[in-house]
Amino acid sequence: MKDLSLHILDIVQNSIRAKATLIGIEIDEYPNENQLIITISDDGTGMDPEQLKRAIEPFYTSRTTRKVGLGLSLFKQNAEMTDGSFSIESELGKGTKVTAIFGMSHLDRPIMGDMVGTLLILICSSDEINYVFKHKTPSGEFEIDTREIRQTLENVPISNPDVRLFLKEMLQENLEQIQISE
Amino acid sequence: MNKIKSLADLKKLQSEVQSKIKLREKGDSPEQLVQIKVSMATCGIASGAKETMNFLIEELDHQGIDVIVTQTGCMGYCYAEPTIELTIPGKAPVVYGFVNKNKAQEIIDKHIKLNEMVDGIIPVAYSTIDNK
């Protein structure tokens, strides 16, 4: 993966496959503590302890179309490469939470990348799944909840091109405002 | 500096868009529209499926072609990512491999607009991802 936004897009696919209806994506920047924390949580089917133990193995997957499952392994490897850490918690029937802590100023930390693009793909491609996205930096905090957006839109679909363009600008402006780092 | 867009601005947009939608309501049921599914698993994302998908959405919107673009899981053609599945109404779905921006443009110009297939189709006895 070239950047962290791609990792996030990838990990969220796991939640979508676990039939989640509400997915939380949180990015916290703590430059003073040299930490960048990414948390992805969902209310999907969750995993039993046995599955959870195997989830981060590169040769474990619940798919039948191929035999490898690299998403979590790559994410974990990248976090650990930056003197960070990685953890995953899950409970059957409740959901799963993935946390990756990156060394923020570490040379090997991938850049954040195009987070707006990732969010647009996720938000606009499903009518059943809602997202709560939070990004916290020392300059401020931005939160967007797609349930509020849907409520405002009433019967206009969230995938409508004009709505998509609006969301793109809204996300860009807000993330600029809180001065997110690269 | 412009004021940052808020939910109140979205509300304004909502009423504008709603009136537009009403005008073209008929004949827009999903089955009658061209559908594109972009394979968006680890393999696809690592090969650039995100750029492909954003390009498809923006280019189709730019040209004013009504197509449903969604994401799907890995179809098992990891070697050929990014892959897309294109369904023209009333026809069997077709899977294209190695779809970068140039390929996507070619597919829009030839397959979607003129109904001529282009190079790059993954030829298999194919059943949709839902049946796997």
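## Core, sheet and interface of a two-chain model

The largest nonpolar core has 65 residues, and A:Ile8 and A:Val12 have the most contacts inside it. Such a core is a set of buried Ala, Val, Leu, Ile, Met, Phe, Trp, Tyr and Cys residues joined through C-beta atoms within 7 Å. Buried here means that 20 or more other C-beta atoms lie within 10 Å of a residue's own; exposed means 12 or fewer, partly exposed is in between, and the C-beta atoms are placed from the backbone. Leaving out residues up to four places away in sequence, A:Ile8 touches A:Ile25, A:Ile38, A:Ile40 and A:Thr118. Two residues are in contact if their C-beta atoms, again placed from the backbone, lie within 7 Å.

Keep in mind that this is a predicted model: local features need pLDDT of at least 70, side-chain atom pairs count only at pLDDT 80 or more, and totals for chains, interfaces and linings use all residues. Residues are numbered from 1 along each chain as its sequence is written, while chains are lettered from A and ligands numbered from 1 in the order in which they are written.

**Chain A overall.** Six helices and six strands make up the secondary structure of chain A, and from the N terminus on they run α-β-β-α-α-β-β-α-β-β-α-α. Helices (H or I, at least four residues) and strands (E, at least two) are DSSP runs, numbered from the N terminus. Along the principal axes, the C-alpha atoms of chain A fill a box of roughly 45 × 40 × 25 Å. Chain A has a radius of gyration of 16 Å, which agrees with the value near 16 Å for a compact globule of 182 residues; the radius is taken over C-alpha atoms, and the globule rule is 2.2 Å times the number of residues to the power 0.38. Of those 182 residues, 38% count as buried. Among the chain A contacts with a separation of 6 or more, 65% are between residues 24 or more positions apart.

**Around β5.** Strand β5 (residues 130-137) of chain A runs parallel to β1 (residues 22-30), joined by seven bridges, with A:Leu22 standing opposite A:Asn130. β5(A) also pairs with β6 (residues 140-145) of chain A, this time antiparallel and through six bridges. There, A:Val132 has A:Asp145 as its bridge partner, and a hairpin of two residues joins β5(A) to β6(A). For strands to count as paired, DSSP has to find at least two bridges between them.

**Helix α5 and its two faces.** Which residues of helix α5 (residues 146-153) of chain A are buried? They are A:Thr146, A:Ile149 and A:Leu153. Seen down the axis of α5(A), these buried residues fall within an arc of 55 degrees, so they line one face of the helix; the arc is that of the directions from the helix axis to the C-beta atoms. The face turned away from that buried side carries the exposed residues A:Arg147 and A:Gln151.

**Where chain A meets chain B.** In total, 32 residues of chain A are in contact with 27 residues of chain B. On the chain A side, the elements that give two or more residues are α1 (4-17), α4 (115-124), α5 and α6 (161-177). α6(A) gives the most, with nine residues. By class, that side has twelve nonpolar, eleven polar and nine charged residues. Ala, Val, Leu, Ile, Met, Phe, Trp, Tyr, Cys and Pro count as nonpolar, Asp, Glu, Lys and Arg as charged, and the others, Gly among them, as polar.

From the chain B side, take B:Leu13, found in helix α1 (residues 7-23) of chain B. Beyond its neighbours within four places in sequence, B:Leu13 is in contact with A:Asp162, A:Val163 and A:Phe166. B:Leu13 counts as partly exposed because it has 19 C-beta neighbours inside 10 Å.

**Backbone oddities.** Most residues other than glycine have a negative phi, and most peptide bonds are trans. Here are some positive-phi residues in chain A.

| Residue | Phi | Place |
|---|---|---|
| A:Asp83 | near 60 degrees | loop between α3 (71-81) and β3 (85-91) of chain A |
| A:Glu154 | positive, near 50 degrees | follows α5(A) |
| A:Gln179 | near 50 degrees | segment after α6 of chain A |

A:Asp83 counts as partly exposed because it has 14 C-beta neighbours inside 10 Å, whereas A:Gln179 is exposed, with 11 other C-beta atoms within 10 Å. Over in chain B, the peptide bond from B:Glu81 to B:Pro82 is cis, with omega near -10 degrees. B:Pro82 sits in the loop between β2 (67-72) and β3 (84-87) of chain B.
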